[in-house]
Amino acid sequence: MVTPLSASPRPLPAGGDWPQLQRVRGVGPGFFCDTLNMSPTQWDFPVELCCRPMAFVTLTGLDVVYNAVHRAVWDAFCANRRADRVPISFKVLPGDHEYPKCRPKRTSYEWYIPKGILKTGWMNKHLNLVPALVVVFYELDWDEPQWKEKQSECATRVEIVRQSLQGRNTKVAVVLIQKKTPLPPGEDVIASERAAALCNACELSGKSLFVLPHTDHLVGYIIRLENAFYEHAQTYYYTEIRRVKSHKEFLNKTTHQLLFVRHQFKIAFFSELKQDTQNALKCLWIDDVWANRYLIVGICRLCFQHNTPLDAIAQFRKHIDLCKKKIGSAELSFEHAAWMSKQFQAFGDLFDEAIKLGLTAIQTQNPGFYYQQAAYYAQERKQLAKTLCNHDASVMYPNPDPLETQTGVLDFYGQRSWRQGILSFDLSDPEKEKVGILAVQLKERNVVHSEMIITLLSNAVAQFKKYKCPRMKSHLMVQMGEEYYYAKDYTKALKLLDYVMCDYRSEGWWTLLTSILTTALKCSYLMAQLKDYITYSLELLGRASTLKDDQKSRIEKNLINVLMNESPDPEPDCDILAVKTAQKLWADRVSLAGSNVFTIGVQDFVPFVQCKAKFHAPSFHVDVPVQFDIYLKADCPHPIRFSKLCVSFNNQEYNQFCIIEEATKASEVLENLTQGKMCLVPGKTRKLLFKFVAKTEDVGKKIEITSVDLVLGNETGRCVVLNWQGGGGDAASSQEALQAARSFKRRPKLPDNEVHWDSIIIQASTMIISRIPNISVHLRHEPPALTNEMYCLVVTVQSYEKTQIRDMKLTAGLKPGQDANLTQKTHVTLHGTELCDESYPALLTDIPAGDLNPGEQLEKTLYVRCGTVGSRMFLVYVSYLINTTVEEKEIVCKCHKKTHPKGVVLQTGESASECFCLRCPSVGNVEGGVATGHYIVSWKRTSAMENIPVISTVITLPHVIVENIPLHVNADLPSFGRVRESLPVKYHLQNKTNLVQDVEISVEPSDAFMFSGLKQIRLRVLPGTKQEMLYNFYPLMAGYQQLPSLNINLLRFPNFTNQLLRRFIPTSIFVKPQGRLVDDTSIAAA
């Protein structure tokens, strides 16, 4: 776990208490940087610091070009080096290679004054030039016939290596490449004798002589050799550490402060080469004041390596707090900003590398924050450089170049090229110092700062994306876009800014969105991108923009200029050269001939015009005109005139009836005219009424508004088509509607012809329903119907229409949806003279009844034969065609009317029943139950005279026990199942309370079923909402079988039991055995 930055650092190790180091001179922010190269990489670490220090071993005597055996040996050393192999850096060199000469050892530091802390080539020397071990490879077998000559030649090669390493403590070893596999130690006497002789001749110990058989197991032998080499290298670096420590005895803490630091750093570096990272960390942790450049990075790297990120973060924080105010020369303060940027970037790289090796980071502590801070200091560097390096074009670069040296590099890190070796800040030559500062400033002026800033921001964005920090990612992407704008890469700037606009729109950050849109508008202007320029202008004029009215007026004027095929005025604060280029591009756009129509979908942004569509009713009869309103509202500073409004539907045949068009000139768009339907006054709601006649084919269908197009400008020239999907609304509409619904603010009273915009609710669809029939249908019969009787029913149709009814059809018989057995035992016919058999249907459809004039009456006699006892519901359905006129347009309507038998007459011995649904209010548990009310029967005999009044009998209904059911459960399942066929069952859970219900659901298996679905789950059901649970039951046995039991536990209602639940849902089902296809067909037919 990564610890916060506020964590305290680990205590410094004991020893090395040098408070006087705080006054060390010559160690500034530029330490370990190359001040000669003023390129963008001038603050990068030396290459030697970017790699893991590894022991340096050279191999001599290998001809890797012409000798295949030697090449195979070299490949085994350097190819496919896995992490588990020892950390050694190998290099093949000739046997007579000249190594760097060793300087004479100093015996006293009494009068020695150091010229710097660390030489620029010292680390590279010990990493790549001075080896810890030189290995001499020589092909020699133990049974070599010319042994003496070969032994002498090998000894000569070793002596040559020793001569080239004169004065160094580098170890020397010999490896004999042999063709045969050696015998185990002690068994080959000749080998033992000759090995001892060869060691004496070469002046080597027995531990420095090795044998390498060139066999099939070459890689295994090489790995064993590497381990032996690694031990020799560690011995060498241990010796070097002791040698450096011995020099510290001659140092004086008063006058040799820099040497103390130098020796401590060398000990740490040799310890890292020795892979003793604990000692290296102890040596580097000498004093945070001096740890300006590499030491703090080295400390942090080792802390991460030891899996102590707490120490790394805390020490880096302390280091930054100490150094951020040590700016140095004010004329070169941009160098301090560059150094600070590199510090944060380096720590971010270390942090990221540690994460790749297994460290865990979190949202609030990840490398992205350090890359972000590095980008911040890079931006500060850019601003300082812009201020300090703003020299006139007449100022020439100094000649001779004060930044050049004889060798091309500095002798010591952290020094100026024009005063190397001077550790005091007392300037003996002010003029030379002035020239040097001028050279640095002129070099800095050529640095491409935006490129560095964008790279750092890109790294930060990648980290914040990885750790799911969307707002930080969007914030930095805005900065990247702005940096691309400053770098004049307007295409990339526009791409990034356009990407993040959606986030700021959806969250309602209007001030931030306005700032981004302003930059985007500048980019689109400088590139002369017409559509982008128009789009951003439309949004900056809208209600989401926080610009002042004068700025909006300027943008509105530019927008109209573009629509008039003229060049817009330049955007403020743009680069002068870029503006000149843009004006040429706009001139080219103006000269282009042809129509320029730009269609802009507004659902993804917030334009200055709002639109809402609303049908007058959720449904319209086909003989009534369909009416709807389009509401428009402008938010721009001045009245604006549009040229056309088009409404599109899912049935495109209606589009032609919903168009408003006003002929206007482009110059009249901004004229202060309030006449005309298409002129919008800011802040005022304009309502436009549309109506059309629906087609008879659309009866029973839904008519939807698919889009609304509002045209600004002239279609013959250049115009903008604002396109709203559906019934209107833009990117901010849903959020504004939610705020309006939650607001308790009282709306001011408006005149009768005006409405509040927030009170308008979009209704973009309506249903077309059939015309209301103007006929009466009566059914006359004499109940009851007896079994197998040809029961007579007389249907009477009376027309009250004003015109003739045509093509009237009658459908009569048993109402569909009843029991299948009733359907099979009920038959209907028009002829009562013959008995019905099973071939007669239960429902007669589309019986022709001819035409019917106004006021006429038609009777139709039906006969029904019922084969079983029981109640049945009959249906009589009449349909007809009639001509009618709607909006001076004649249409043919199809009307229909259905009726059921009513006015039941009871004969002697008959009984009647009636069903009511009662809903009891929530009254809690009432003792004795709840009274259900009274039942009143009104009746009289059939033989009674008409003037005898009807008698009413009042019957008191019984009390019932009412139980409070907080959760209503019902199940959807087929009427029967079949063995080994899937049986889908869906349970519906509805919360009947005003509380959120925590529901625990479990399903107990049944021996007769297998099932798939959630066996146990806990969920929440919101008040008044439903939740569905879907299961697939798989019957295993035929007959009436018990379903898997559904158990529900309500945490808020512990008294709710499963006994109550079983009243709502079926507990068993009839399962049919597996049958033949004929049975399936008969069931489907039934």
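Okay, let's start at threonine 170. Leaving out residues up to four places away in sequence, threonine 170 touches Val130, Pro131, Ala132, Leu133, Val134, Leu165 and Tyr236. Before I go on, remember that what we have on screen is a predicted model.

So where does threonine 170 sit? You'll find it in the loop between helix H4, residues 147-164, and strand S4, residues 171-178. Is it buried or exposed? Threonine 170 has a relative accessible area of 10%, and the cut-off for buried is under 20%, so it counts as buried. Now take one of its partners, leucine 133: the two are 37 residues apart in sequence, yet their C-alpha atoms are 5.5 Å apart in space.

Another name on that contact list was Tyr236, and that takes us to aromatic rings. How many aromatic pairs does a search of the whole structure find? The count is 41. One of them is tyrosine 236 with tyrosine 237, an edge-to-face pair with 5.0 Å from centre to centre and 65 degrees between the planes. Both of those tyrosines are buried.

Here's a second pair, phenylalanine 316 and tyrosine 370. Their ring centres are 6.1 Å apart and their planes sit at 75 degrees, so this pair is edge-to-face. Phenylalanine 316 belongs to helix H10, residues 309-323, while tyrosine 370 belongs to helix H12, residues 367-388, so the pair ties together parts that are 54 residues apart in sequence. Again, both residues are buried. And they have company: Phe304, Phe316, Phe344, Phe347, Phe351, Tyr370, Tyr376 and Tyr377 make up one aromatic cluster.

One more ring before we move on. Over the face of phenylalanine 976 lies lysine 1072, at 4.1 Å from the ring centre.

Next, helices that cross. Find H7, residues 257-273, and H8, residues 277-284. Their axes come within 8 Å and cross at roughly 165 degrees. Angles over 145 degrees count as roughly antiparallel, so that is what H7 is to H8. The crossing is left-handed. On the H7 side, the contact is made by Gln264, Phe265, Ile267, Ala268, Ser271 and Glu272, and on the H8 side by Asn279, Ala280, Cys283 and Leu284.

Look at the loop between H7 and H8, and you'll meet glutamine 275. Glutamine 275 has a positive phi of about 65 degrees, although it isn't a glycine. Why point that out? Because most residues other than glycine have a negative phi.

Now compare another pair of helices, H15, residues 470-486, and H17, residues 510-527. Their axes come within 11 Å and cross at roughly 30 degrees. That makes H15 roughly parallel to H17. H15 also passes H17 in a left-handed crossing. From H15, Val478, Glu482 and Tyr485 meet Ser515, Ile516, Thr519, Lys522, Cys523 and Leu526 in H17.

Follow the chain into the loop between H17 and helix H18, residues 530-540, and there is alanine 528. Alanine 528 isn't a glycine either, and it has a positive phi of about 55 degrees. Its relative accessibility is 0%, so alanine 528 counts as buried.

Last stop: the loop between H12 and helix H13, residues 430-445, where proline 400 lies. Is the peptide bond from asparagine 399 to proline 400 cis or trans? This bond is cis, with omega near 10 degrees. Most peptide bonds are trans.

Conventions. Residues numbered from 1 in each chain as written. Predicted model: local features only at pLDDT ≥ 70, side-chain atom pairs only at ≥ 80, totals over all residues. Heavy atoms only, no water. Phe/Tyr/Trp six-rings, centres within 6.5 Å; stacked < 30°, edge-to-face > 60°. Buried < 20%, exposed > 50% of the residue type's maximum accessible area, 1.4 Å probe, protein only. Helix = DSSP H or I, 4+ residues; strand = E, 2+ residues; numbered from the N terminus. Lys NZ or Arg CZ within 6 Å of the ring centre and 35° of its normal. Axes fitted to C-alpha atoms, helices over the stretch in contact; angles between N-to-C directions. Parallel < 35°, antiparallel > 145°, perpendicular 65-115°, else oblique. Left-handed = near helix turned anticlockwise from the far one by under 90°. Contact = heavy atoms within 4.5 Å.
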